[in-house]
Amino acid sequence: MLEGHRLDAEECLAVLRTPREARWALVDAAGRVRRHHFGTGVKVNYLVNLKSGLCPEDCFYCSQRLNSEAGILRYSWLSAEEAAEQARAGVCGGASRVCLVSSGRGPSNRDVDRVADIVRAVREEQPDVEVCACLGLLKDGQAERLAEAGVDAYNHNINTAESHHEAICTTHTYDDRVETVGRAQAAGLSACSGLIVGLGESDEQLVEAVLALRELGSESIPVNFLMPFDGTPLAGTWEMTPERALTILCMVRLACPDREVRMAGGREMHLRSLQPIALEAVNSLFLGDYLTSEGHAARTDLQMIADAGLHVLGTDGTLRDPAELLPELENPSDESHQDDRSPRLRRRGAGTELAPNA
Ligand code: SF4
């Protein structure tokens, strides 16, 4: 692998089907490839949902879809000031890339102008941060206008294999998605395109999607795990185990050795206690919350990176000690306030009136 061998579909399938007794050897192999290309750096990305819900498309997995009954926040465009404030919090937490996202099939030209204003406001405060836009399907000229406004990258996930796409969405096609990735690349934007796994795809379809991303030239590959929101067609779908999620990330790393591979939405519920081990395979994550769901406290994510002996990649490519970022967090929320170096005194179970912790 380190000498440039590219896994073919059969080899990817074999990786996916690694027997349990070889699991740690697989993690070790993925870790060696990851360290060869990325050392100990972890790229931290931060999502800002500029416009939430009320989408006319019907993506079956999405809590923002047409007629979604998920109890998500629904709001129209943030102002440039509000977006910049959100972005600031992410940068304080170590994010070197801010991902500006809006729900919808795709932006109107007026929306692109609005996003351009937002990018200017973010850049005024954070001149060095990378800006990725994720606004849906792009029309002629829109990628170029985003590039002129200072956008560095464009996210548009293919989500699943071409052969499985009709099973997850009827209002646009796989080709529509691929076309938008191409439009972004043609405008000089770095392509960020990835997956949602656990959508009922077969192993072969998962491999098909990963190799398609490699061929598409996606430089950054977010791997999301289906979060089965109530009120969506895929509510109750649960195909993942932590071991399976970890194996998938190892397969993506080995198939795409030098690409940014990100453990993305759903990592908390699907990888669970294997998240720090997954950092052996991936070199990127989203900090904190997602578009419509909450992640771990940002402090917990940074602590995980520190505990794994890894570093946060700075905007200038330097490696930062995650522990140094903890005091900079603007909103050290909920459980993150706890000082983990102080034993928490037991106040439940034996000797108390409260139920034991078991
Ligand atoms: S994934 Fe995007 S296009 Fe599809 S329903 Fe959700 S917000 Fe709309």
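**Close-up 1. Helix 2 and helix 8 cross one another in this predicted model.** Here you can follow helix 2 (residues 23–38) as its axis comes within 9 Å of that of helix 8 (residues 242–255), the two crossing at roughly 40°. The crossing of helix 2 past helix 8 is left-handed. On the helix 2 side, look for Arg23, Leu26, Val27, Ala29, Ala30, Val33 and Arg34, which meet Glu243, Thr247, Cys250, Arg253 and Leu254 of helix 8. Sorted by character, the residues of this contact come out as seven nonpolar, one polar and four charged.

**Close-up 2. Residues around the ligand.** In this view, the ligand has Cys55, Glu57, Cys59, Cys62, Gln64, Arg65, Ser103, Arg105 and Gly136 around it. The shell splits into three nonpolar, three polar and three charged residues.

**Close-up 3. The annotated "binding site" residues gather at one spot.** According to the UniProt annotation, from an unreviewed entry, the "binding site" covers Cys99, Cys132, Cys192 and Arg262. These residues span 164 residues in sequence, yet no two of their C-alpha atoms are more than 14.3 Å apart, so they come together in space.

**Close-up 4. Cys99 in strand 2.** If you zoom in on strand 2 (residues 97–102), you will find Cys99 within it. Cys99 counts as buried because 24 other C-beta atoms lie within 10 Å, where 20 or more are needed. Apart from its neighbours within four places in sequence, Cys99 is in contact with Asn45, Tyr46, Leu47, Val48, Cys132, Cys134 and Asn155. One of these partners, Cys132, is also covered by the "binding site" annotation in the UniProt record.

**Close-up 5. Cys132 in strand 3.** Strand 3 (residues 130–134) holds Cys132, which is buried because it has 21 C-beta neighbours inside 10 Å. Setting aside neighbours within four places in sequence, the contacts of Cys132 are Arg97, Cys99, Asp152, Ala153, Tyr154, Asn155 and Cys192. Among them, Cys99 and Cys192 also carry the UniProt "binding site" annotation.

**Close-up 6. Ala264 in a loop.** Our last stop is the loop between strand 8 (260–263) and helix 9 (267–270), where Ala264 lies. Although it sits in a loop, Ala264 is buried, with 23 other C-beta atoms within 10 Å. Beyond its neighbours within four places in sequence, Ala264 is in contact with Gly194, Pro222, Val223, Asn224 and Phe286. To place Ala264 against another part of the chain, take Val129: the two are 135 residues apart in sequence and 19 Å apart in space, C-alpha to C-alpha.

Note on methods. Residues are numbered from 1 along each chain as its sequence is written. This is a predicted model: local features need pLDDT of at least 70, side-chain atom pairs count only at pLDDT 80 or more; totals for chains, interfaces and linings use all residues. A residue is near a molecule or strand if its C-beta atom, placed from the backbone, lies within 6 Å of it. Ala, Val, Leu, Ile, Met, Phe, Trp, Tyr, Cys and Pro count as nonpolar, Asp, Glu, Lys and Arg as charged, and the others, Gly among them, as polar. UniProt positions are given in the numbering used here, feature names are shortened, and annotations may be inferred rather than shown by experiment. Helices (H or I, at least four residues) and strands (E, at least two) are DSSP runs, numbered from the N terminus. A residue is buried if 20 or more other C-beta atoms lie within 10 Å of its own, exposed if 12 or fewer, and partly exposed in between; C-beta atoms are placed from the backbone. Two residues are in contact if their C-beta atoms, placed from the backbone, lie within 7 Å. Axes are lines fitted to C-alpha atoms, for helices over the stretch in contact, and angles run from 0 to 180 degrees between N-to-C directions. A crossing is left-handed if the near helix is turned anticlockwise from the far one by less than a right angle, and right-handed if clockwise.
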